[in-house]
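Let's walk through this structure together, going from strand pairs to whole sheets and then to a few single residues. Please keep the view at hand as you read.

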Amino acid sequence: MPDTVIFFGVVEFTAILLGAAVALAALIGFLWRRSLGRQYQRLVDGFPYPAMVFRRYRLIMRNSEAPGWDGRLELRDLVADSRKEAANIVRTIPAVEGQSFQARAVRLTAQDTLLLLEDLGATQRQQAFYRGFIQNVSHELKTPLTVIQGHVAKMSAQPDDRDGWIASGRIVNEETKRLTQLVDNLLTLARLESPSFTLDLEPLNLGALLEESILQLSELAEQRKLEVSLSLPPTIPRTMADRARLKQVILNLLDNSLKYTPAGGDVAVSLENDPLNRHLICAVRDTGEGIPAEDLPFIFDKLYRARRTGGRPVEGSGLGLSLAQQIIAAHGGEIRVESELGKGSTFTFTLPYEAAPR
């Protein structure tokens, strides 16, 4: 059989190189578009409000908040105007029930436009909340600082008044502790609301933690002439939890009960096992003054403090219960309150056996 010789001339060789180049360019383009698509998806998923990406005039991507918006003609007009003017555009889009949204068209590339929709009412409510939050925090900081400043001035003006020094020193110490607790609560709140916050999970015996917390506050209970009891089930399943954070919740609930229960009353702590739902249920009941019904829906709001009966002063910063709610939620549980004026309050929180970290 004669040998076959295939001859490649310059034209043929050039054609092969061009074909390979075209194929390589197509592969690179495919990989680039795929990578760009993943980047766009991460981008839109990062927004808490509707976000979409249009290529020319066609919707190619949206986040979970966007369904129902992609068909709005005024949004497509906004994309068209942004492409025509080659510029970013911001417009107000009317919605149902008097709501309004700020629609923002952002140029990503010559072909791609990012469209964002932000609820103006929600933004205004959030701004109003944080203005009030800052005002309340400022007030909470100013009050102890004013007291400390006054007593320091008194001590300086009367250096020989030993009894006055002792009394002022005690008040300054108490107000300093109050300031420290407020700052610690604010820092903890900031950590809990940070996207990078994680729980330090470890196997935990909740019953043992309850015993430890009650022992820590036993002296305060004796001073206030209150009886504190603890009821535990025969066996307590361990749960994966952040020990320090849960102790903060328990101490806060116990401290509130001791603070608002008159002498001669009692505080009962109980722990139950719910094997059907695989939850531990912890309740802190007191025979205190109770919480007004109109305050109950807001009791876990930041800096909210329920009114007291008889015109008595409100204690605390209003951050403890908000922190408790966020800590329990981070563990995959829930916290709730039941209360009746003159009869006391019951705070109950649940923890799953295998709590999922946030």
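Arg104 stands opposite Leu116 in strand 5. That pair belongs to the ladder between strand 4 (residues 100–107) and strand 5 (residues 112–119), two antiparallel strands joined by seven bridges. Do bear in mind that the model is predicted.

Step back, and these two strands turn out to be part of an open sheet of five, ordered 2-1-5-4-3 with antiparallel pairing. Strand 2 (58–62) and strand 3 (89–94) stand at the edges; each has a single partner strand, so one side of each is left without a neighbour in the sheet. From one strand to the next, the twist averages 25°. Helix 2 (residues 73–85) lies across strand 1 (51–55), strand 2, strand 3, strand 4 and strand 5, and runs at about 165° to strand 3.

Now move along the chain to another sheet. Here five strands form an open sheet in the order 7-9-10-12-11, and the pairing is mixed. Its edges are strand 7 (227–231) and strand 11 (335–340), each of which pairs on one side only. The twist in this sheet averages 15° from one strand to the next. Strand 11 runs antiparallel to strand 12 (residues 344–352), and six bridges join the two; within this pairing, Val337 has Phe347 of strand 12 as its bridge partner.

Which helices lie across these strands? Helix 7 (residues 243–259) lies across strand 7, strand 9 (266–274), strand 10 (279–286), strand 11 and strand 12, at about 170° to strand 12. Helix 8 (residues 320–330) lies across strand 11 and strand 12, running at about 25° to strand 12.

Two residues deserve a visit of their own. Asp274 is found in strand 9. What is the nearest side chain of opposite charge to Asp274? It is Arg336, 9.1 Å away, and Asp274 is buried yet has no salt bridge. The side chain of Asp274 does make a polar contact with the side chain of Asn277, at 2.8 Å. Beyond its neighbours within four places in sequence, Asp274 is in contact with His279, Ile281 and Tyr353.

Tyr353 comes up again at our last stop, Thr239: the side chain of Thr239 reaches the backbone oxygen of Tyr353 at 3.0 Å. Thr239 has its place in strand 8 (residues 239–242). Is Thr239 buried or exposed? With a relative accessible area of 2%, Thr239 is buried. Thr239 and Leu280 are 41 residues apart in sequence, while their C-alpha atoms are 8.6 Å apart in space.

Key:
Residues numbered from 1 in each chain as written. Predicted model: local features only at pLDDT ≥ 70, side-chain atom pairs only at ≥ 80, totals over all residues. Heavy atoms only, no water. Pairing = 2+ DSSP bridges. Helix = DSSP H or I, 4+ residues; strand = E, 2+ residues; numbered from the N terminus. Axes fitted to C-alpha atoms, helices over the stretch in contact; angles between N-to-C directions. Contact = heavy atoms within 4.5 Å. Buried < 20%, exposed > 50% of the residue type's maximum accessible area, 1.4 Å probe, protein only. Lys, Arg positive; Asp, Glu negative; His and termini not counted. Salt bridge = Lys/Arg side-chain N within 4 Å of Asp/Glu carboxyl O. Polar contact = N/O pair within 3.5 Å; in protein donor to acceptor, adjacent residues only side chain to side chain.
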